[in-house]
Amino acid sequence: VEVDAKGTYNATSEDYCTRSEYAEYVIKKLGLKVNFEPCRSKASSKRARRPLNGILENRLLKKQAINIMPTWKEDVDVFLDTYGDELIKEAKSRKP
């Protein structure tokens, strides 16, 4: 906005991970004691079609020298530090 730029800009955390890497990181960060076995997307019962590579790139932010996005781990850390205990408490209350 301040540089009077035009177009469609992606504004996403830097770096990338797989869904299983993300899940493993959250589990470890929250100190959960759970069994987690990653599976290949093809083995999943989900029928939603997923792209092989859905990574967004902050190309235009970088081109304008205004990319200040933190890594995905930094963003997840902030979120879980803020809401992690609440999420665990809610999950435990929903157990059968």
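Trainee: Where is the place of W72 in this chain?

Mentor: The model before us is a predicted one, and its chain has three helices and zero strands. Read along the sequence, these elements follow the pattern α-α-α. The place of W72 is in helix 3.

Trainee: Is W72 buried or exposed?

Mentor: Buried means a relative accessible area under 20%, and for the chain as a whole, 12% of the 96 residues count as buried. The relative accessibility of W72 is 10%, and therefore W72 counts as buried.

Trainee: Which residues does W72 touch, not counting residues up to four places away in sequence?

Mentor: It helps to begin with the backbone, where W72 and T12 are 60 residues apart in sequence and yet 8.3 Å apart in space, C-alpha to C-alpha. Once residues up to four places away in sequence are set aside, W72 touches S13, E14, D15, Y16, C17, E21, Y22 and Y25.

Trainee: How far apart in space are M69 and E14, C-alpha to C-alpha?

Mentor: M69 is found in the loop between helix 2 and helix 3, and its relative accessible area of 27% makes it partly exposed. Leaving aside neighbours within four places in sequence, M69 is in contact with A11, T12, S13, E14, N58 and L61. M69 and E14 are 55 residues apart in sequence, while in space their C-alpha atoms are separated by 6.2 Å.

Trainee: What share of the contacts in the chain with a separation of 6 or more comes from residues 24 or more positions apart?

Mentor: The pair M69 and E14, 55 residues apart in sequence, is one example of residues in contact across a long stretch of the chain. Among the contacts in the chain with a separation of 6 or more, the share from residues 24 or more positions apart is 78%.

Trainee: Why does the distance between the end C-alpha atoms of helix 1 agree with its number of residues?

Mentor: Helix 1 runs over residues 19-30 and so has 12 residues, which at 1.5 Å a residue should span 16 Å. The expected span is taken as 1.5 Å times one less than the number of residues. The end C-alpha atoms agree with that expectation, because they are 17 Å apart.

Trainee: What is the crossing of helix 1 and helix 3, oblique or perpendicular?

Mentor: Two packed helices are described by the angle between their axes and the distance between the axes. Here the axes of helix 1 and helix 3 come within 10 Å and cross at roughly 55°. Helix 1 passes helix 3 in a right-handed crossing, and the angle makes helix 1 oblique to helix 3.

Trainee: How many nonpolar residues does the contact of helix 1 with helix 3 have?

Mentor: On the side of helix 1, E21, Y22, Y25, V26, K29 and L30 meet residues of helix 3, namely W72, K73, V76, D77, L80, D81, G84 and I88. By class, this contact has one polar and five charged residues, and its nonpolar residues number eight.

Trainee: Which residues is I27 in contact with, leaving aside its neighbours within four places in sequence?

Mentor: I27 is found in helix 1, and at 19% relative accessibility it counts as buried. Leaving aside neighbours within four places in sequence, I27 is in contact with L32, V34 and F36.

Trainee: What phi does A65 take, although it is not a glycine?

Mentor: A65 is found in the loop between helix 2 and helix 3, where it is exposed with a relative accessible area of 69%. Although A65 is not a glycine, it has a positive phi of about 60°.

Technical notes. Residues are numbered from 1 along each chain as its sequence is written. This is a predicted model: local features need pLDDT of at least 70, side-chain atom pairs count only at pLDDT 80 or more; totals for chains, interfaces and linings use all residues. Side-chain values use heavy atoms; hydrogens and water are left out. Helices (H or I, at least four residues) and strands (E, at least two) are DSSP runs, numbered from the N terminus. Axes are lines fitted to C-alpha atoms, for helices over the stretch in contact, and angles run from 0 to 180 degrees between N-to-C directions. Angles under 35 degrees count as roughly parallel, over 145 as roughly antiparallel, 65 to 115 as roughly perpendicular and the rest as oblique. A crossing is left-handed if the near helix is turned anticlockwise from the far one by less than a right angle, and right-handed if clockwise. Contact means heavy atoms within 4.5 Å. Ala, Val, Leu, Ile, Met, Phe, Trp, Tyr, Cys and Pro count as nonpolar, Asp, Glu, Lys and Arg as charged, and the others, Gly among them, as polar. Buried means under 20% relative accessible area, exposed over 50%, partly exposed in between (1.4 Å probe, protein chains only).
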